[in-house]
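Good morning, and thank you for making time on the agenda. I would like to take the group through one model, and I ask that you keep the display in view while I speak.

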Amino acid sequence: MGTSLLTDEELSTALEDLPDWTHTGNSIARTVEAPSFLAGIELVRRVASAAEAANHHPDIDIRWRRVTFTLSTHSAGGLTQLDVALAHEIDRLAQQS
């Protein structure tokens, strides 16, 4: 997977398949409301494992049952296919919680 920046058109197309994600500046973000605090922590653990395997790590904010994931490829200065792929994986993992 490349780390070249997505064009506006590529990003718009990618976000059509990621309806829970919001684009702001150089990042995309999604907040998941878990059924319990421990379920939210377990989601973070599963996302952390996927992120480590992809060598691409989100910013994570935990507030009780609400977990916000923010993605950006800092080395590229914006959004790349790495962010889109991890967003899809986070969506898949969030469905399991």
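I shall speak about salt bridges, then a strand hairpin, and finally a patch on the surface.

Please bear in mind throughout that this is a predicted model.

Let me begin with the charged side chains. In general, side chains of opposite charge can pair when their charged atoms come close. In this model the count of salt bridges comes to seven. I shall discuss some of them, starting with the pair formed by Asp91 and Arg30, whose side chains meet at 2.6 Å, N to O. Asp91 belongs to helix H3, residues 81-95, while Arg30 belongs to strand S2, residues 27-33, so this salt bridge ties together parts that are 61 residues apart in sequence. Are the two partners buried or exposed? Both Asp91 and Arg30 are buried. For Asp91 the relative accessibility is 14%, and the cut-off for calling a residue buried is under 20%.

What else surrounds Asp91? Leaving aside residues up to four places away in sequence, Asp91 touches Leu18, Trp21 and Arg30. With Trp21 there is also a polar contact between the side chains, at 2.8 Å. Asp91 thus has a salt bridge to Arg30 and a polar contact to Trp21.

A second salt bridge in helix H3 involves Glu89 and Arg92, with the side chains meeting at 2.6 Å, N to O. Here the partners are three residues apart in the helix, which means that about one helical turn separates Glu89 from Arg92. Glu89 is partly exposed, at 24% relative accessible area. Arg92 is likewise partly exposed, at 42%. Elsewhere, salt bridges with shared partners join Asp20, Arg30 and Asp91 into one network.

I turn now to the salt bridge between Arg63 and Asp61, where the closest N and O atoms are 2.8 Å apart. Arg63 is exposed, with a relative accessible area of 57%. Asp61, by contrast, counts as partly exposed, at 30% relative accessibility.

Asp61 leads us to the strands. Which residue of S4 is the bridge partner of Asp61? That partner is Thr68. Strand S3 and strand S4, the latter covering residues 66-71, pair in the antiparallel sense over five bridges. Together S3 and S4 form a hairpin, with two residues between them.

The turn of this hairpin deserves a remark on backbone geometry. Trp64, in the loop between S3 and S4, has a positive phi of about 55° although it is not a glycine. Its side of the picture is open: Trp64 counts as exposed, at 59% relative accessibility. A positive phi of about 55° is also found at Asn55, again a residue that is not a glycine. Asn55 lies in the loop between H2 and S3. Asn55 counts as exposed, with a relative accessibility of 61%.

Trp64 brings me to the last topic, the surface. Which residues form the nonpolar patch? They are Phe37, Leu38, Ile41, Ile60, Ile62 and Trp64, and together they have about 590 Å² of accessible area. The elements giving two or more residues to this patch are helix H2, residues 37-54, and strand S3, residues 59-63. H2 supplies the largest share, three residues.

Within the patch, I would single out Ile41, which is found in helix H2. At 32% relative accessibility, Ile41 counts as partly exposed. As a point of reference for distances, Ile41 and Glu16 are 25 residues apart in sequence and 28 Å apart in space, C-alpha to C-alpha.

Allow me to draw the parts together. The salt bridge between Asp91 and Arg30 joins two buried residues, and its partners come from helix H3 and strand S2. The hairpin is made of S3 and S4, with Trp64 in the turn. Trp64 is also one of the residues in the nonpolar patch, to which H2 and S3 each give two or more residues. Thank you for your attention; I welcome your remarks.

Conventions: Residues are numbered from 1 along each chain as its sequence is written. This is a predicted model: local features need pLDDT of at least 70, side-chain atom pairs count only at pLDDT 80 or more; totals for chains, interfaces and linings use all residues. Side-chain values use heavy atoms; hydrogens and water are left out. Patches are made of residues with over 30% relative accessible area and no salt bridge: like charges are joined within 9 Å, nonpolar side chains (Val, Leu, Ile, Met, Phe, Trp, Tyr) within 5 Å. Accessible areas come from the Shrake-Rupley method with a 1.4 Å probe; for residues, only the protein chains shown count as cover. A salt bridge is a side-chain nitrogen of Lys or Arg within 4 Å of a carboxyl oxygen of Asp or Glu. Helices (H or I, at least four residues) and strands (E, at least two) are DSSP runs, numbered from the N terminus. Buried means under 20% relative accessible area, exposed over 50%, partly exposed in between (1.4 Å probe, protein chains only). A polar contact is a pair of N or O atoms within 3.5 Å; within protein, one must be able to donate a hydrogen and the other to accept it, and residues adjacent in sequence count only if both atoms are side-chain atoms. Contact means heavy atoms within 4.5 Å. Two strands pair if DSSP finds at least two bridges between them.
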